[in-house]
Amino acid sequence: MEYSIVIRTLGKAGTKYLTMLQCIEKLESKPKEVIVVIPKGYDLPKERLGYERFVRSEKGMVKQRCKGAEVVTSEYILFLDDDLAFPRDFVEELKKPLEEGVADVSLRADAGRFRAESGKAWREWCDGKRHF
């Protein structure tokens with residue numbers, strides 16, 4: 001299953017952001033792309049994967065996630081905040097209900113901020129056409 005990662009940040013998380021990038025590097029299932037959404041006027045983070053794409057948006061959790069959803073090229077999106085850490089099999093666990101066809105949205109029960117969602121579903125939510 002192909003997926004993209006969208007990270008919203010202000011570019012100030014420092015070592016927490018670096019830890020998250022290291023977790024992305026160790027994932028068993030690699031993303032097609034990593035999009036980092038940062039508000040206009042904020043400096044880009046110094047910590048880098050080397051292959052991520054930076055996108056500017058208005059400041060705000062929902063605005064940044066919606067901007068990320070607009071530019072991804074995969075059907076599925078893993079939305080991350082810039083201060084998260086997760087295990088190597090994190091994506092594999094999130095993919096199970098999606099691959100089984102029992103869900104359009106997969107959430108991590110012990111950490112509600114982890115989300116893997118159908119890009120179409122998220123775009124519909126951003127447009128006010130869908131509710132989770």
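Which residue in E4 is the bridge partner of serine 4? In this predicted model, the bridge partner of serine 4 in E4 is isoleucine 77, and the legends below start from that pair.

**View 1. Serine 4 and its surroundings in strand E1.** Serine 4 belongs to strand E1, which spans residues 3-8, and because its relative accessibility is 0%, serine 4 counts as buried. Its side chain makes a polar contact of 2.8 Å with the side chain of serine 74. Once neighbours within four places in sequence are set aside, the residues in contact with serine 4 are Glu33, Val72, Thr73, Ser74, Tyr76, Ile77 and Leu78.

**View 2. The pairing of strands E1 and E4.** E1 and E4 run in the parallel sense and are joined over six bridges, with isoleucine 77 of E4 standing as the bridge partner of serine 4.

**View 3. The two faces of strand E4.** In a regular strand, side chains alternate between the two faces of the sheet. Strand E4, residues 76-81, is mostly covered, with six of its six residues buried. Tyr76, Leu78 and Leu80 are buried on one side, while Ile77, Phe79 and Asp81 are buried on the other, so that both faces of E4 are covered.

**View 4. The chain around these strands.** The secondary structure comprises four helices and six strands, which follow one another from the N terminus in the order β-α-β-β-α-β-α-β-β-α. Of the 132 residues in the chain, 42% are buried, and among contacts between residues at least 6 apart in sequence, 64% join residues at least 24 apart. The accessible surface of the chain comes to about 7,100 Å², with 48% of that belonging to carbon and sulfur atoms.

Terms used
Residues numbered from 1 in each chain as written. Predicted model: local features only at pLDDT ≥ 70, side-chain atom pairs only at ≥ 80, totals over all residues. Heavy atoms only, no water. Buried < 20%, exposed > 50% of the residue type's maximum accessible area, 1.4 Å probe, protein only. Polar contact = N/O pair within 3.5 Å; in protein donor to acceptor, adjacent residues only side chain to side chain. Contact = heavy atoms within 4.5 Å. Pairing = 2+ DSSP bridges. Areas by Shrake-Rupley, 256 points an atom, 1.4 Å probe, with all protein chains shown as cover.
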